[in-house]
Number of protein chains: 4
Amino acid sequence: MSTGNWQRWGLEDQRGAANLLTPEVVLSAVGSIRAGKVLSLAMPIRGATSNGGARRVPHLPGRPLPQHFMAVDGGDYATGARKVKDVMAIADDALVLSPHGTTTHIDALAHVWRDDRLYNDHPAERVRSYGATRCGIDKLGAIVTRGLFLDVAGYLGADYVDPATAIDERVLQGCAAAAGVEPRPGDVVLVRTGWPKVFADSPARYQGAQPGIDYSAGRWLVDHDVVAIGCDNAAVGAIGSDGGFAGPVEEDIHLLTLWERGVHLIEMLWLEELAAAAQPEFLFVAAPLPIEGGTASPLNPLAVL
Amino acid sequence: MSTGNWQRWGLEDQRGAANLLTPEVVLSAVGSIRAGKVLSLAMPIRGATSNGGARRVPHLPGRPLPQHFMAVDGGDYATGARKVKDVMAIADDALVLSPHGTTTHIDALAHVWRDDRLYNDHPAERVRSYGATRCGIDKLGAIVTRGLFLDVAGYLGADYVDPATAIDERVLQGCAAAAGVEPRPGDVVLVRTGWPKVFADSPARYQGAQPGIDYSAGRWLVDHDVVAIGCDNAAVGAIGSDGGFAGPVEEDIHLLTLWERGVHLIEMLWLEELAAAAQPEFLFVAAPLPIEGGTASPLNPLAVL
Amino acid sequence: MSTGNWQRWGLEDQRGAANLLTPEVVLSAVGSIRAGKVLSLAMPIRGATSNGGARRVPHLPGRPLPQHFMAVDGGDYATGARKVKDVMAIADDALVLSPHGTTTHIDALAHVWRDDRLYNDHPAERVRSYGATRCGIDKLGAIVTRGLFLDVAGYLGADYVDPATAIDERVLQGCAAAAGVEPRPGDVVLVRTGWPKVFADSPARYQGAQPGIDYSAGRWLVDHDVVAIGCDNAAVGAIGSDGGFAGPVEEDIHLLTLWERGVHLIEMLWLEELAAAAQPEFLFVAAPLPIEGGTASPLNPLAVL
Amino acid sequence: MSTGNWQRWGLEDQRGAANLLTPEVVLSAVGSIRAGKVLSLAMPIRGATSNGGARRVPHLPGRPLPQHFMAVDGGDYATGARKVKDVMAIADDALVLSPHGTTTHIDALAHVWRDDRLYNDHPAERVRSYGATRCGIDKLGAIVTRGLFLDVAGYLGADYVDPATAIDERVLQGCAAAAGVEPRPGDVVLVRTGWPKVFADSPARYQGAQPGIDYSAGRWLVDHDVVAIGCDNAAVGAIGSDGGFAGPVEEDIHLLTLWERGVHLIEMLWLEELAAAAQPEFLFVAAPLPIEGGTASPLNPLAVL
């Protein structure tokens, strides 16, 4: 077992590589802003339970899909519900959400671990029914840094990357070179496979094998001290046809990033508008909900171009 | 009834004042960044159901509090759950959330309306059990703009503003003048009352009357074409001892902002660190979850100082 | 449109045919008890969200499956959670459930209606976000009466009834005659198709067309003044290959029973042990949860043989 | 520590005293039926989230209250939702429920344990995030047996029993003698304190100390081999002013019944109509939902008089 770089960012730490986000990094990243245009990189959270709408947004099979309920709505007022002072209507709602595999989200460092130790040697026993009291998503705060866009599908001249195509170090390097960028410490790197577009034609195909980065690509990124890796597939790493992580556990992207290096993963991104924008550097903002002990947070990541 | 400025931003529009967020506004706001420091303005989402933890975070009475459940956790692995390839553990969780009154959130324009028309004359009948197909929080996208901080409690030399003290136009003006700032089109203005600090001592007092801006203050802000108003109380406007909005419906802050002007409200902010930072201008970022038809989104608002 | 027997049981009534359950009917039904053996006719509610267990219980496609969460469990105590007085452990849990199409349940009269009137001419506008204030499942109370078992699959000598086979009046009559029973006012009649057994082999086939009673069979039953009809398929009536109710709306079993006659439907029963018991008459007990305004209740129906 | 009667009903067993429910017991219990009248002993499950209705039903403080959502309702159809074949409307809903302390329910044997062993020496480690794979409520099946009603409040001539009054063996014996009944193996005994009536006047008082049976009363009942004890308070045993179980852990009613003896507890009953009926013997029916691994089930218990 590799003990990796567990203690690289300090023994007490639960933020991992996000500690690299010094004011200098933030200020430098702000310098990447060109056009003043803001793009959301999230897929919609569609939660209607009775009309099947939730099933028409990309998701992994077998996951509980978002449920969105109105506690009071316009139909109630139209059929006689009393308004405040007879004129003012208020609508209220509720959301039931299991982020992994169902919508755009960021993984907490407590999402995966090896044996019985979390990232930075925190005991896994602290991840209990009350939530993770170590390395939960509430420990992250936020990510404001330079975003680097590696449009692998575009680089390969494909609508989407075939799951049989390895997105390895060489591909990422080539893609970065073509874009004229190079990862530097504190960056968030977003990798586009184009895979979400498959869903509209065939949910079943989307839910099978998915393209994603391999171990060499993951190492290349973490060795550049990125703070997070985002991808428009469902696991950043490639997914095999059995739905599991492809490859041996020593090359698992989740373990390499979240557990060994404290590097966050942002999954199920929507990168089509970003691809159209053709600006490989920008200010990237991720503001996860501070869910105490959460293994993830749903996320609306932003690119400020 | 005032038909207000319904159509000010265009008949088709469901984004309201957020349309003011042109690239120029964004670029100008970026110029407010000084120190490169990022502050989260959110309260934690504490969802433990069995230990009462959720009740120890500020919230309005009678609301369903957040529930956070672990679908699989470290306790499971410690007691025999099978790991992936015998070594890799995965934790998974779920969240049940009704944002209004329970945590830091941003209101959608569809949250309130008058009679049977939403903001911009959209029919209220479009707000149904499936969610608001008009003016839902998914229509907002994101807010990246200049944030102005009006620390009313600090300006008044109080730990927190007394609910009997009106936060009116004059107070806001004085507070802004003391800080050397003035709202301009596209700004988000954050008003600090200090009220969340009351909760630790007395949840019951917190849940009674709350200080907040009055109608004159609201008008002053919307007349400066701000895109959103945030506050650390639970309703931006003041709350009476009966838990309702204080004052006549014609002076209701929710109607004035969300419904008449398309100005978003951000409620239950945590502004104590921002108060300590003493920087009245900054880049403000709100990235609401794109919940289709949502009346609000939980939010982790950021101030980039 | 048939206005049917709307007012048959009295204009004020929201219990429908359940009003037939007089003490005499109950006492007579008690006389059906022979062996003193109690059978549960429910399928399990399996709610694990992370292991896909919920998907391995018969259910209709596209429905939100049960979710069952432990708020505190044995894994927590094994990993250090404090016990009461250091010795006593307490486990706690939560359930998220949408009964229709996901588990054994009984439909409220408010589950379906025609045009804008509920059963017994109650206004459909009373079915709102707060629940159905007319004809909700809370109005039923309970059903304790004679149960009649019509094992159609057994009668036809099949493991399960083919969806192409109409279960019509003639089949039910033949099945009843073979069993030596005849429906009488106040009975609950349970119809076995055997269809749940299909699920283990092929969820997709289970979720396609399903065998069920046709309109003539439904009329035969309601004309015998039964108070409820139960079936082991998902809709009592047959389901077409498109997932909808088969046939014209005038022959819809839901409308005929719930709406016209106030006859409850019990769906997704598990009738295999009852089939093995070979006792066509018994005491039947349904004790729905008094969910105020509920369109259904999950149910553990009992046969006391 | 008392190892009690753990193995009394057999080492493999997870049903506890419910094994006493032989056909003879059932048939004998059926003989208790007199009038053919059916009473529900449940409180309503009121789940409206926006109007505070849920708070107006008796419940313990700090518990997540029931939430009931309509996925589609009459308001939707009144405002334009498309009906099936233009005429048929369908309403659908969802329930979020944590049974303990919020509504009438029956505890599973897996709800409490001592040290690290469940009832009947099953390992507590089998109670995990997926639910209790030992002694969950799904193992019970159902309870059909003789019910004995001990109206302690009536016996003491009080509207409700004062929390300072011990309901001990002597009181139960006196109450039973006055009613002319005596517990026998297989019975369910229902104890009325009248405490739910306090809620309407003062939720806070209801949520403080509650009357309930003491250890001597509990022993008297389990020594008569009852299969379950029901009460209209929230814990069967008395509750102290701090909300905890009163008395030393060795005298804890939950441990004595669920853990030592495999005797189920039914809590938060509504016994007012039963008190008015003045029939101390009847057929009692509990049909818990077969929630796999559940620590409890919401319940609509029935008394067939």
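Let me start at the rotation axis, where B:G75 is the residue of chain B that comes closest, its C-alpha lying at 1.9 Å. Please keep in mind that this is a predicted model, in which local features need pLDDT of at least 70 and side-chain atom pairs count only at pLDDT 80 or more, while totals for chains, interfaces and linings use all residues. Residues are numbered from 1 along each chain as its sequence is written, chains are lettered from A in the order in which they are written, and side-chain values use heavy atoms, with hydrogens and water left out.

The axis relates chain B to chain C: a turn of 180 degrees with a shift of 0.0 Å along the axis lays chain B on chain C with an RMSD of 0.0 Å, the copies being superposed by least squares on the C-alpha atoms of residues with pLDDT of at least 70 in both. That is the relation of a two-fold axis. The same surface serves both copies, since 100% of the contact residues of chain B recur in chain C, where contact means heavy atoms within 4.5 Å.

Each of these chains brings 13 residues to the contact, and about 910 Å² is buried between chain B and chain C, with 61% from carbon and sulfur atoms; buried area here is the accessible area (1.4 Å probe) that two parts lose on being put together, summed over both. Of the area that chain B buries against chain C, 41% is supplied by B:S50, B:F69 and B:A71, more than any other three residues. The rule finds zero salt bridges across this interface, a salt bridge being a side-chain nitrogen of Lys or Arg within 4 Å of a carboxyl oxygen of Asp or Glu.

Now to the other partner, chain A. Here 82 residues of chain B are in contact with 82 residues of chain A, and the two chains bury about 6400 Å² between them, 64% of it on carbon and sulfur atoms. Four salt bridges are found across the interface of chain B and chain A, and in one of them the side chains of A:E292 and B:R46 meet at 2.8 Å, N to O. On the side of chain B that touches chain A, strand β4 (residues 92-97) of chain B gives the most, with six residues; strands are DSSP runs of E, at least two residues, numbered from the N terminus.

Strand β4 (residues 92-97) of chain A pairs with β4(B) in the antiparallel sense over three bridges, pairing requiring that DSSP find at least two bridges between the strands. Within that pairing, B:V96 is the bridge partner of A:V96.

Notes: Helices (H or I, at least four residues) and strands (E, at least two) are DSSP runs, numbered from the N terminus.
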